[in-house]
Amino acid sequence: DFLQWHLTAPGYLKKWHLAVFHKTDTSNKMVGFISAIPVHIIAGGNKIDLVEINFLCVSEQYRTKRLAPVLIKEITRRVNLENIWQAVYTSGTLLPKPFCTTRYHHRNINLQKLLDVNFTHLNPKLNLSRAKQIYKLPKELTLTGLRKMEKQDVKAVYLLLNKYLSKFDIKAYYSEEEVEHWFVPRDKVVYSYVIEDNNEEITDFISFYLLPSSILKHHSHKTLYAAYSFFNIPNKYTIKELFKNALILAKNLDFDVFNALDIMDNESCFKHLLFGKGDGSLKYYFYNYAYPQINTNELGIVLM
């Protein structure tokens, strides 16, 4: 469901879903994949129509066959045929040269499960009972007028989102059609909420998406349910209040952990809400577009 949502973004082309198969008399196995979807970015005041490259993967036993360069070369050719010459992508690997280096921060929700599967470790100064008490979240939301986003809210969210993103140096630009696709809630995929005041005006916005991971070789836990922060737009309330309620929503939906990048205004609330810094970085890159390095708080793009 997550891949279906991501790969069918408005303006997508099936030929940008590129796979390599190993065909034999008895099987037809997919051994490599890469994808592109159209995105619109404003960088330093210049609007660029480009593609987001994502989900590059090669089966382990085929990684000595140099499939990845072939996939990258072919997706580049197919994108160029549509007169698009730039791309944006992320990688944990350091390549020449990222325009922004970000880091994930993690907020424990189901602490016992995260300890069981070695996702996190207990501070030596804390026992388990005390740690659970520290990370405990309330059940009740604290914001008045908070409700699930509906299709009728698309126009208001479109205006709110693009106004908020306008203050960042590099940011995504969304059409109303794209706002509907990316943010109207889909069960077990994307969760979006608006805050409505007494005049029925949409003032603030909260969103996150589900990216489940398989847990290997564990006797009882099979899946880790991780919520990833998407866009949180403060106006009437602070970013800290929005994140706190996003955590409560995620807990009530039985998520195990809440992840967020230190981009936009996010980092300002991490310490107060007990987010821990991840041990790896995520680098943002342009293809065929030169841009000076920026700070994380100047970046308004979320790539999955």
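This report walks through the pockets, cavities, one helix pair and a few unusual backbone spots in a predicted model.

**Open pockets**

Let's start with the largest pocket, which holds about 670 Å³ of space. Its lining takes in 30 residues, and those closest to the centre are Ile53, Asn54, Leu56, Tyr89 and Thr90. Several elements give two or more residues to this lining: strands E3 (46-58), E4 (87-91), E9 (202-214) and E12 (276-287), plus helix H2 (67-80). E3 supplies the largest share, with 6 residues. If you sort the lining by class, you get 21 nonpolar, 8 polar and 1 charged residues.

The second largest pocket comes in at about 380 Å³. Here 16 residues form the lining, and Asn108, Thr120, His121, Gly276 and Lys277 are the closest to the centre. Two elements give two or more residues to the lining of this pocket, namely strand E5 (100-108) and E12. E12 gives the most, with 4 residues. The class split for this second largest pocket is 7 nonpolar, 7 polar and 2 charged.

**Closed cavities**

The model also has 2 cavities of 30 Å³ or more. About 200 Å³ of space sits in the largest cavity. Its lining has 19 residues, with Val39, Glu52, Ala172, Tyr174 and Trp182 the closest to the centre. Strand E2 (28-43) and helix H6 each supply at least two residues of that lining, and the largest share, 5 residues, comes from E2. By class, the lining of the largest cavity divides into 15 nonpolar, 2 polar and 2 charged.

The second largest cavity has about 50 Å³ of space. Among the residues that line it are Tyr104, Tyr209, Phe230, Asn259 and Val302. Strand E11 gives the most to this lining, with 3 residues. No charged residues turn up there, just 8 nonpolar and 3 polar.

Here are the four spaces side by side:

| Space | Volume | Element that gives the most to the lining |
|---|---|---|
| Largest pocket | about 670 Å³ | E3, 6 residues |
| Second largest pocket | about 380 Å³ | E12, 4 residues |
| Largest cavity | about 200 Å³ | E2, 5 residues |
| Second largest cavity | about 50 Å³ | E11, 3 residues |

**Helices H5 and H6**

H6 (residues 176-183), which helps line the largest cavity, also pairs up with H5 (residues 154-165): the two axes come within 9 Å and cross at roughly 100°. An angle from 65 to 115 degrees counts as roughly perpendicular, so H5 and H6 are roughly perpendicular to each other. On the H5 side, the contact uses Val154, Lys155, Val157, Tyr158 and Leu161, which meet Glu176, Val179, Glu180 and Phe183 of H6. The residues of this contact are 6 nonpolar and 3 charged, with no polar ones.

**Tyr285 and the cis bond at Lys97**

Now for strand E12, where you'll find Tyr285. Is Tyr285 buried or exposed? Its relative accessible area is 1%, and anything under 20% counts as buried, so Tyr285 is buried. Its contacts, leaving out residues up to four places away in sequence, are Ala87, Val88, Tyr89, Ser91, Thr93, Leu94, Leu95, Lys97, Pro98 and Phe99. One of these, Tyr89, is also among the residues closest to the centre of the largest pocket.

Lys97 is worth a look too. Lys97 is 188 residues from Tyr285 along the chain, but the two C-alpha atoms are separated by 6.8 Å. You'll find Lys97 in the loop between E4 and E5. The peptide bond that joins Pro96 and Lys97 is cis, with omega at about -5°.

**Two positive phi values**

Most residues other than glycine have a negative phi, and most peptide bonds are trans. Asp254 has a positive phi, near 70°, and sits in the loop between helix H7 (239-252) and strand E11 (257-261). With a relative accessible area of 60%, Asp254 is exposed. Leu274 also has a positive phi near 70°. Its place is the loop between E11 and E12. Leu274 counts as partly exposed, at 32% relative accessibility.

Terms used:
Residues numbered from 1 in each chain as written. Predicted model: local features only at pLDDT ≥ 70, side-chain atom pairs only at ≥ 80, totals over all residues. Heavy atoms only, no water. Axes fitted to C-alpha atoms, helices over the stretch in contact; angles between N-to-C directions. Parallel < 35°, antiparallel > 145°, perpendicular 65-115°, else oblique. Contact = heavy atoms within 4.5 Å. Nonpolar A, V, L, I, M, F, W, Y, C, P; charged D, E, K, R; others polar. 1 Å grid on protein atoms, 1.4 Å probe; cavity = no way out; pocket = protein on both sides within 12 Å on 5 of 7 lines; lining within 4 Å. Points joined across faces, edges and corners; volume = space filled by probe spheres on them. Buried < 20%, exposed > 50% of the residue type's maximum accessible area, 1.4 Å probe, protein only.
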